[in-house]
Amino acid sequence: MTAATVHEYTDRRQQKSIAVSDELGARIELSRIILIAAIVFHHIRIPSELTLYAWNNLGYVRGYIQIGLLKTAASTLTIISGYLCFLSSFEQKPMWFLRKKYTTLFVPMLLWNIPMAMFILAFQWNGQYISKYDELTSGDILNWSNALLGITERPVNEPLHFLRNLISCNIIALCIAIPFRKYPIYSFLLILIVGVFNIDSYIVLRNDILIGFFLGALLASMRIDARAIDFLLPVTVPSYLVAAFVIFYFKVDFESLWWMGRTHPRWAAL
């Protein structure tokens, strides 16, 4: 085999690898678009006069889709974010990484929360207080911080709590990237304990997002090909559909799953 033949063979393999990488990237981008739309639809308010647990107005259908199928959209998108984050060498350029997250996460969150906060402030000035939201007319710094940034509770534009928690996950990732890459399994187990027992307190408000992000980081750090599970689709898709029905019909919330250790410490000990 001549050197030219070897070179040609190597080039073909590299081109094939690049093509597959592009294919995976396209699949991930499509998934992210669908999941973002799913998060928005999941948070659409349900009129009080409608019930999701009856056939009237297709209640069961809407409930199964909105509460069941779409409930895991934020967690799934978080896994993808952690996976993509740890596929890169982001910790080698920390300032570039922070500027990027400031532009793509912090600024959009702030810009989308400000109009909603002004809308609620106008209502409160007219004496129409909505119990769901903190009082903004008092000028309390914590209330405004929560309304715009979701410091200790969800912001006024509820779907944006995902961005607030994702910002925290990215900052944590930057701090622990080196040991996490060196000891991915042990590091993930530590993150799992932190999430289940809510040791992180207000750093990440939804611990399923914390765990999901670093699950993606674990897969990337161990160089697990995301396409490796394609052959399981005949099993995973029906399982997901059944799980979505269970989540909807039995009203399973995140308290029942991710925070079992915090709410039921004796069960966790067993």
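What follows is a conversation between a biologist and a modeller about a predicted model of a protein chain.

Biologist: Let's start with the overall picture. What makes up the secondary structure of the protein chain?

Modeller: Twelve helices and zero strands. Of the 270 residues in the protein chain, 33% are buried. Among contacts with a separation of 6 or more, 72% join residues 24 or more positions apart.

Biologist: Take helix H9, residues 233–249. How do you know that its length agrees with what a helix of 17 residues should span?

Modeller: At 1.5 Å a residue, H9 should span 24 Å, and its end C-alpha atoms are 24 Å apart, so the two values agree.

Biologist: Which residues of H9 are buried, and how do you know that they line one face?

Modeller: The buried ones are Ala244, Ile247 and Phe248. Looking down the axis of H9, they fall within an arc of 90°, so they line one face of the helix. That buried set packs against helix H2 (59–69). On the face turned away from the buried side you will find the exposed residues Pro234, Val235 and Val242.

Biologist: H9 also has an aromatic pair, phenylalanine 245 and tyrosine 249. Why is this pair called stacked?

Modeller: There are eleven aromatic pairs in the count. For phenylalanine 245 and tyrosine 249, the ring centres are 5.4 Å apart, and the planes meet at 15°. The cut-offs are 6.5 Å for a pair and under 30 degrees for stacking, so this pair is stacked. The two residues sit four apart in H9, about one turn of the helix.

Biologist: Why are phenylalanine 245 and tyrosine 249 called partly exposed?

Modeller: Phenylalanine 245 has a relative accessible area of 40%, and tyrosine 249 has 41%. Buried needs under 20% and exposed needs over 50%, so phenylalanine 245 counts as partly exposed, and so does tyrosine 249.

Biologist: Which other rings are linked by pairs?

Modeller: Phe86, Phe90, Phe97, Phe180, Phe213 and Phe214 are joined into a cluster by ring pairs. There is also a charge to look at: lysine 93 lies over the face of tryptophan 96, 4.7 Å from the ring centre, where the distance limit is 6 Å.

Biologist: On to helix H5, residues 141–149. What is buried there?

Modeller: Asn143, Trp144, Asn146, Ala147 and Leu148. These buried residues pack against helix H4 (94–125). At the start of H5, a side-chain oxygen of aspartate 140 comes to within 3.1 Å of the backbone nitrogen of leucine 142. Just after H5, glycine 150 has a positive phi of about 65°.

Biologist: Why is asparagine 146 called buried?

Modeller: Its relative accessible area is 3%. The limit for buried is under 20%, so asparagine 146 is buried. Among the residues that asparagine 146 touches are Asp134, Ile151, Thr152 and Arg154, leaving aside those up to four places away in sequence.

Biologist: Histidine 161 in helix H6 (residues 161–182) caught my eye. How do you know whether histidine 161 is buried or exposed?

Modeller: With a relative accessible area of 1%, against a limit of under 20%, histidine 161 is therefore buried. Its neighbours, not counting residues up to four places away in sequence, are His43, Arg154, Pro155 and Arg206.

Biologist: What makes the link between the side chains of histidine 161 and arginine 206 a polar contact?

Modeller: The distance between these side chains is 3.1 Å, and the limit for a polar contact is 3.5 Å.

Biologist: And isoleucine 34 in helix H1, residues 3–42? Why does isoleucine 34 count as exposed?

Modeller: Its relative accessibility is 52%. Exposed means over 50%, so isoleucine 34 counts as exposed. Isoleucine 34 and leucine 77 are 43 residues apart in sequence and 9.6 Å apart in space, C-alpha to C-alpha.

Biologist: Last one: what makes the phi of serine 201 worth a look?

Modeller: Most residues other than glycine have a negative phi. Serine 201 has a positive phi, near 55°, and lies in the loop between helix H7 (184–196) and helix H8 (207–221). Arginine 223, in the loop between H8 and H9, also has a phi near 55°. Lysine 251, just after H9, takes a positive phi of about 55°.

Biologist: Why is arginine 223 called exposed, and serine 201 partly exposed?

Modeller: Arginine 223 is at 58% relative accessibility, which is over 50%, so arginine 223 counts as exposed. Serine 201, at 41%, is partly exposed, because that value lies between 20% and 50%.

Key. Residues are numbered from 1 along each chain as its sequence is written. This is a predicted model: local features need pLDDT of at least 70, side-chain atom pairs count only at pLDDT 80 or more; totals for chains, interfaces and linings use all residues. Side-chain values use heavy atoms; hydrogens and water are left out. The expected span of a helix is 1.5 Å times one less than its number of residues. Buried means under 20% relative accessible area, exposed over 50%, partly exposed in between (1.4 Å probe, protein chains only). The arc is that of the directions from the helix axis to the C-beta atoms. Contact means heavy atoms within 4.5 Å. Rings of Phe, Tyr and Trp (its six-membered ring) pair if their centres lie within 6.5 Å; planes under 30 degrees apart count as stacked, over 60 as edge-to-face and the rest as tilted. A charge sits over a ring if NZ of Lys or CZ of Arg is within 6 Å of the ring centre and within 35 degrees of the ring normal. A polar contact is a pair of N or O atoms within 3.5 Å; within protein, one must be able to donate a hydrogen and the other to accept it, and residues adjacent in sequence count only if both atoms are side-chain atoms.
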